[in-house]
Amino acid sequence: MTRDQKKIFKKILFYLVLAVIVIYLLFPFYWAISSSLKSEAQLSMTPATLIPRDPDTGEISFFTRNYRAIFSNGGFVRGLINSTIVATSTTILALLTGSFAAFALGKLRFKGKTPALYTILAMTMFPQVTVLSGLYAVINALNLSARVSMIFTYLLFTLPFTTWVLTSFFRDLPDEIMQSAQVDGATPFQTFHMILLPLTAPALVTTGLLSFIQAWNEYLFALTFTSIDPSSRTVPVAIQFFSGEFARQEPFGEIMAAAVMVTIPIVVLVLIFQKRIVAGLTAGAVKG
Amino acid sequence: MSNSNSSNLAKEEQKLAFKLLIPAFLILIIIALYPLGQVFYTSFTDKEFASSKETSFVGLDNYKALLSVSVKELEPIIDEETGEQVVDERTGEKQFQRPIRVLPRDPYLYRPSFEFSFFGNRYVVGARTPDFIRSVWNTLIFTLFSVFFETVLGLIVALVVNSEFKGRGAMRAVMLVPWAVITVVSARMWEWMFEPTRAGLFNMLGDRFGLIETSYSFLSNNSLQLPAIIAVDVWKTTPFMALLILAGLQLIPNELYEAAEMDGASKFRQFFNITLPLLKPSLAVALIFRTLDALRVFDVFQVMLSQKRYSMASFNYFQLIQARQMGMASAIGVIIFIIIFGFAVLYMKSLGVDTE
Amino acid sequence: MKKNLFLVLALVFVITFSGLAFADSHGEEISLTVAGGAVGQEKELTIKAAEMYMERNPNVTVEVLETPDLANDRLGLYLQFLEAESPEVDVYQIDVIWPGDLAEHFIDFYDYGAEKVADKHFQAIIENNTTTDGRLVAMPWFTDAGLLYYRTDLLEKYDREVPETWDELEETARYIMEKEREAGNQDFYGYVWQGDAYEGLTCDALEWTYSNGGGQIVSPDQKITINNDKAIEIIRQAAGWVGTISPTGVTGMGEEDARSMWEAGNALFMRNWPYAYALGNQEGKPTAGNFDVSPLPAGDSGKSAATLGGWNLGVSKYSNHPEEAAKLAMFLAGEEVQKMRAVEGAFNPTIKSLYQDEDVLEAVPFFGSLYDVFTNAVARPSTVTAPQYNKVSELFFQAVHSVLTGGSDAQTAVEYLELNLMDTTGFETGEPLQP
């Protein structure tokens, strides 16, 4: 093959792989969207149809009542607001505390780094179900409100994550940056927040995004802590409360509609922040 | 003069480090100390959840009940007339004694957990809590396969997204979609896709392409359960690995690749000699957290498999809510903790990640 | 002296007067919380009933707290509250299989005058709600029982009768399934039910065994009776349906999956709870107007068996106002509210007389045929095996499920089951009770 042919071949291969990945990632979501536009009768159709069709005529027919139902359900909208508040707060808290700890563990010199790192990691080594009743007792003892309890308890798994990832990033930053900054007369803390932090922006955005989504997804703690306070329910809990008309009925179409509606803001969020994910090391500071 | 300066600097660094670590440890003490301590303590008692029964200290009883295992050999059933081993007409399998006859019953009943063959002999592994032993096995298999696939796929996705092409920005958003769908909803969505009639996506597709004859019940079929769950988790969590690996890829300076190009190294060699080694720290962290989460897997097992097949965490849940055995549930929690801790240390040592 | 006497009298007067004033505690504000279901009309009707109560008791405010519909989630939540001895919730809506396990946390309704109303309800439920020391820990609220749904149009088309025994059901299902498949519907099956490994299978399998004379797994006098020929026989027969008159996937079906297949017109018979009746008649569905219900087929015992479901109301011991809460619970479980819920929400009442009430029968005509089913319903051994019912049920449905999937034969599975049950409950074995 000529060089040009090789190039074209590689390009086609690349786009093929890209297409397969896109289909793999998006198809189940497409299925969710299509299910959300089906009525119960359409959902029971055998064989299942890729596009919502009328069970009798076979023509394409969209069922939009599911979407109307979830928006008229005040709980869902309130759930979105609560989830946003809780997930944002816990992420910011995790990033702040985590980056402070990561700077110490990654760049400063002192004894006892390994035990400190492992202790922080240990927080997240228990399954949620085990620590649930203990946490519930703490919340009740401290009389914390539902949202505050969620924000702080989610740190159990977001904090070790941000700490470890950021520690590894800080450690990888060349020591010369710190040294040159110290030569310039900066205190370690100034070096931290004026120089190092901006350099780890991609790591911050990445861990922030992943932690945000993890907090957004959390169900078990949210269910227990908001049990007496329905107005502070987050989205996963609100969706579980979607009722059909009768007991035992699962309004599957509505649940799918809710899933679609909830995923879209996140996708938008990512689209906004995605440039930041790939900022990369800026040349100037490194070359020095 | 310079000595005291550098030792001053060192002291200042230590003080600063201390101050920087305070917020993290403060949070740890407030939200983690009591619950985790309570778990450890309760695991040595026979406490029942929401019960007025007296709680007493039982030492290691819970652990013994969970971990007691007994391996016994099963004798083949010999047909008296022919002197040969009996073969089941329907399945063609050789017949052995039933485990019920060989497993110990006093003072504790041991129930069969697994059977396996070794050099033509058949053995049964019995346990006092067979569901727990099986759940450990299920969780380990699940972890192994899901972490493996997620890492490989995540790497591929990250590499693809890292290269320059049109629509890269949109691709980064698309990449996150599975991770962004709420876990419990995603589990239900997949459950519906696995529906055991042609109303379910997989049975419909299988039928359309002539791959299957009758509809399968994926989640009730012993050999299909774990693969189905693994598929769900891989779909959901590949973005997590991909994103972390992508962040790590970004840190590798382009100059290294340029220099290698000039030296005539193939893309392949570049990958193995530059990318992988420099990716190790990010990969290590990603692997640790992903494995941790996989060992604690709960949502997907509870929603899709409920009581058909347990993971350690879902078994823990059912022990607490249905059997209300809080002491035993806490012991399970501690065992999970120890297993996870072991994995973490293993990763750190074998990936050569430096913590100092 | 006169002055002192006057002072003393004044003092006595003041004390007596203020004593009277404080004795009138009817002015006290009481707030009660009912934790219950949020499904569809459940919450609306509970709120409506609460408002009715508040009108008649102006010093009481009743709040309705919705809890998740998934049984495990709801139970988990309740357990958290009870473990924390929380006074936040006064009245709990509990599943019919929970009174045995949760009994110690609830008050005894007999202490608050429940004898007067207890025999208005179905006896099976009352017996199920009374614990070993005779305490009535929950008032029956609404009930449920397994029913046989059948396609009237298909039975007519092939000139068949509604089956009265399991053998008849098998035969009719096989015949019609063959014919319908020949006519082109390759997704058609004869009988769909709940075969997944969960509590629902305990309900279905209990119906098989009890109707065949195989007992109730554990009899009311605490004997393990499951290991008998009749039970083994019927379980084996049911396993034979999988892949023949029922799809192989039935081993993964719950109530909603069965209903989905039924409503798509792909099943001749379905075993399900009454809730599917109204849903099946909704416009646009192939089943609308084409089906009816009957009691489930009988086995060798000659009698049909339906598993008892439903929900009850219990009052928490940790409530700040147990007496008021008990009054509220008895009002909610009373005739007036049950009638309203039957007429407006099709909730099956637990009060026997309502099944002959004109207004109820006008609103939900098929309730008339349910009366016999409910009076003869079989309860799961939840109170008998308390507090281990969940474990007992798990062992039972795992055993049955292994036979359905072919992982084990019926006899081995049942023998093991007996051993496991003996180990878990400590009971002895015995002979099964006949219906």
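This is a guided tour of a predicted model, moving from chain A through its contact with chain C to chain C itself, the nonpolar core and chain B.

Residues are numbered from 1 along each chain as its sequence is written, while chains are lettered from A and ligands numbered from 1 in the order in which they are written. Because the model is predicted, local features need a pLDDT of at least 70 and side-chain atom pairs count only at pLDDT 80 or more, whereas totals for chains, interfaces and linings use all residues.

**Chain A: confidence**

Begin by colouring chain A by pLDDT, the predictor's confidence in each residue on a scale from 0 to 100; the chain averages 81, and 92% of the residues score at least 70. Select helix 7 (residues 146–153) of chain A, where confidence in this chain is highest at a mean of 91, and then helix 15 (residues 283–287) of chain A, where confidence is lowest at 33. Helices here are DSSP runs of H or I with at least four residues, strands are runs of E with at least two, and both are numbered from the N terminus. Widen the selection to residues 280–288 of chain A, over which the pLDDT is below 50, although this stretch has 12 contacts in the model beyond near neighbours in sequence. Two residues are in contact if their C-beta atoms, placed from the backbone, lie within 7 Å. Where pLDDT is low, the predicted coordinates should not be read in detail.

**Chain A: two domains**

Next, colour residues 1–63 of chain A as domain 1 and residues 66–287 as domain 2; such bounds come from an automatic or database domain assignment. The C-alpha centres of these two domains of chain A lie 32 Å apart, and 9 residues of domain 1 are in contact with 7 residues of domain 2. On the domain 1 side, helix 1 (3–36) and helix 2 (40–43) of chain A are the elements that give two or more residues, with helix 1 contributing the largest share, 4 residues.

**Where chain A meets chain C**

Show chains A and C together: the contact takes 22 residues from chain A and 29 residues from chain C. On the chain A side, helix 6 (128–142) and helix 12 (220–225) each supply at least two residues, and helix 6 gives the most, with 3 residues.

**Chain C and the nonpolar core**

Now isolate chain C, whose secondary structure comes to 18 helices and 12 strands and whose C-alpha atoms fill a box of roughly 110 × 50 × 35 Å along the principal axes. Of its 435 residues, 56% count as buried, that is, with 20 or more other C-beta atoms within 10 Å of their own, C-beta atoms being placed from the backbone.

With all chains shown again, select Ala259(A), Tyr191(C), Val192(C) and Ile235(C), which touch the most other members of the largest nonpolar core, a set with 319 residues. A nonpolar core joins buried Ala, Val, Leu, Ile, Met, Phe, Trp, Tyr and Cys residues through C-beta atoms within 7 Å. The largest share of this core, 14 residues, comes from helix 8 (residues 222–250) of chain B. Centre on Val192(C), whose contacts include Ser246(C), Met253(C), Trp262(C) and Met270(C).

**Chain B**

Finally, colour chain B by its domain 1 (69–128) and domain 2 (131–350), whose C-alpha centres lie 36 Å apart. Residues 140–161 of chain B are 100% helix, with end C-alpha atoms 31 Å apart, and residues 326–348 of chain B are likewise 100% helix, with their ends 33 Å apart.

Key
A residue is buried if 20 or more other C-beta atoms lie within 10 Å of its own, exposed if 12 or fewer, and partly exposed in between; C-beta atoms are placed from the backbone. Lists of a residue's contacts leave out its neighbours within four places in sequence.
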